[in-house]
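Work through the exercises below with the sequence and the model at hand. Each task is followed by a solution in steps.

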Amino acid sequence: MDPSFKIVIVDKNPIRAAILEDGLREAGHVQVVRIDETSHLLQRIYTLDPDVILIDLENPSRDVLEQMFQMSRVVKRPIAMFVDQSDRASIEAAVDAGVSAYIVGGLRKERVQNILDLCISRFNAFSRLESELEKTRSALEERKVIDRAKGILMKAKNLTEETAYALLRKTAMNENKKIAEVAQSVITAAELFK
Amino acid sequence: MTPDKLAADKRLRIGFIPLCDATALLIAVDKGFTAAEGLDVELVREVSWANIRDKLNIGLFDAAHLIAPIAIASSLGLGHVKVPIVAPFALGVNGNAITVSPALYASLAAAADGNIGDPLVTAKALAKVVATRKQRGQEPLTFGMTFPFSTHNYHLRFWMAAGGVDPDEDVRLVVLPPPYMVESLANRHVDAFCVGAPWNSVAVDLGIGFILHFVSDILPRAAEKVLGFRGRWARENPEMLAALVRAHAKAADFVEDPANRDEVCALLAPANRIGVAPEVLRRTFDGRLKVSPDGATRSDPNYLLVGRDGAGRPDPAQAAWLYAQMVRWGQAPFSDEMCRAAMAVFRPDLYDDATIGMNGPTANAPASIGAFAGPVFDPRDIAGHLAAWRIGRVPIS
């Protein structure tokens, strides 16, 4: 790997940026710089003078990078977006994963393709992780709501934990709702009766 | 094909940037004008024009809120992948303003030879301020705008160049996402900016900016945003496109009726729409803006047009004007063929087909582009337009 080869990552999400950085380092890229600030972005990028810029697609500063392409004509630096017209599949995969790449130097396309492929798989792995975390989190939330509703029913109707749960489950089935939804209405009702 | 069949075919995804000129689109969906046409539309809020453009280009969006020059640049293959776009509905005419810092306002006022409300006076004053700064060895003034291919970029350049300021040599023009404009003015990263509503008002309310000009001072009628579709999608889905244009025309009428204004502003205020207080939005639609931190206001019925006075009907002469600016500032080569391609992005014919039986206009005013400086713009004579200016990147002579 060419040691002078520089990659800049612009991503506000520190975890995702770290995952990306690690991946690039594992792949042998030595010079990987993370930028999380939005102010003076162009200036910082000019100073770093990277060969490739990787940016989170949901970053408003993408528009700032677009200016860089415009300005490059003035400063006569070779600059191009590697995804050209024939690369529709790459653009789609990148957009789906939420990453966008810009070439700054006159790089060989295959090289950038490898970097982007790595980023796409890392980004996808990250979003899988995130959605699993979200699932776990909401499952935990539901558990808490159900436990609270059980407590309310046990106290109000003098039930055992088992029968309180059975009551919630039966009501949910009858009303074609999720147990957590019924539990939430029990809690809401209890708040109102306070 | 019945409208219901249309909806069953496909759910439409439309991207937008939280700005006042997305109103016709937001109201078309939120007030049910699209549903009444049998369309199931999902609105997706976006953070950058580059993102909107890419998602429209690759088909993640069926349509999008676009700054008119992006639709043209995409169709001509400038700056990015070439994807032909068609714009059958104009979401907004005017709406931009130039806001300057209190310090720059004071310098301009001191240097102004005449009425500071006159853009030629302020442009000449800017030339003096720029010259003085250069003499003193101070940093050049920095102006924020939203995108290289943007009306904001061209409005700023058109204004300053008329006063003798070369926008590429004498000042810095930088791209800033609209939500960062105000912060950048506050912490002095920029001295001024040109942006759409509501950001100018936000800066004035915070006491950190003066609205120097409405874009209507510079060009009485400036195409701003369009509803853009991929050319291919438009050809394959003519009924859906027509239904969307109709829904937008009805929504624009609804927005323009002052009786509905409170309701409109309330619908736009939530965070998943524009995310700004209804009172601030209301000023934009009323064309009555607070222009200085001391509370002075200024009214202009043409501050932002959402469908009124034929604003919804795209005017190809406007596309030609925008293309001429791209040529003037070195973003596009000049050819009659490219000019024709740029004009073909704006599709009044599709607008007319869709709105048959409605009270919409069927012609645009012949001389719809005047400007505060230079000769009347003639879309058939771009070379003449470019030759009229001393400052520009591609002098034609």
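**Exercise 1.** Is A:Cys119 buried or exposed?

Solution. The model is predicted. The relative accessible area of A:Cys119 is 0%. The cut-off for buried is under 20%, so A:Cys119 is buried.

**Exercise 2.** How many disulfides are there over all chains? Check B:Cys20 as an example.

Solution. Step one: a disulfide needs two cysteine sulfur atoms within 2.5 Å. Step two: for B:Cys20, the nearest cysteine sulfur belongs to B:Cys265 and is 7.9 Å away. B:Cys20 is therefore in no disulfide. Step three: over all chains the count is 0. B:Cys20 has 1% relative accessibility and counts as buried.

**Exercise 3.** Describe helix α7 of chain B, its ends and its surroundings.

Solution. Start with the length: α7(B) covers residues 119-135, which is 17 residues. From first C-alpha to last it reaches 24 Å, close to the 24 Å expected at 1.5 Å a residue. Next come the ends. At the N-terminal end, B:Asp118 acts as a cap, with a side-chain oxygen 2.8 Å from the backbone nitrogen of B:Leu120. After the helix comes B:Gly137, with a positive phi near 75°. Last, the buried residues: among them are B:Pro119, B:Thr122, B:Ala123 and B:Leu126. Their cover includes α6, β6, α8, β9 and α11 of chain B.

**Exercise 4.** Which residues have the most contacts inside the largest nonpolar core?

Solution. This core has 106 residues, and B:Phe143 and B:Trp159 have the most contacts inside it. Helix α16 of chain B (residues 316-328) gives the largest share, 9 residues. Another core lies apart from it, with 57 residues, including B:Phe16 and B:Cys20. Returning to B:Trp159, its contacts include B:Pro119, B:Thr122, B:Ala123 and B:Leu126, as well as B:Phe143 and B:Phe372.

**Exercise 5.** What kind of aromatic pair do B:Phe158 and B:Phe372 form? Then find what else B:Phe158 pairs with.

Solution. The structure holds 9 aromatic pairs over all chains. For B:Phe158 and B:Phe372, the centres are 6.0 Å apart and the planes meet at 75°. Planes over 60 degrees apart count as edge-to-face, so this pair is edge-to-face. B:Phe158 lies in helix α8 and B:Phe372 in the loop between α18 and α19 of chain B, so the pair ties together parts 214 residues apart in sequence. B:Phe158 also forms an edge-to-face pair with B:Trp389, at 5.2 Å centre to centre and 75° between the planes. Both B:Phe158 and B:Trp389 are buried. Together with B:Trp321, the residues B:Phe158, B:Phe372 and B:Trp389 form one aromatic cluster.

How values were computed. Residues numbered from 1 in each chain as written. Chains lettered and ligands numbered in written order. Predicted model: local features only at pLDDT ≥ 70, side-chain atom pairs only at ≥ 80, totals over all residues. Heavy atoms only, no water. Helix = DSSP H or I, 4+ residues; strand = E, 2+ residues; numbered from the N terminus. Expected span 1.5 Å × (residues − 1). Buried < 20%, exposed > 50% of the residue type's maximum accessible area, 1.4 Å probe, protein only. Contact = heavy atoms within 4.5 Å. Polar contact = N/O pair within 3.5 Å; in protein donor to acceptor, adjacent residues only side chain to side chain. Core = buried A, V, L, I, M, F, W, Y, C linked by side-chain atoms within 4.5 Å. Phe/Tyr/Trp six-rings, centres within 6.5 Å; stacked < 30°, edge-to-face > 60°. Lists of a residue's contacts leave out its neighbours within four places in sequence.
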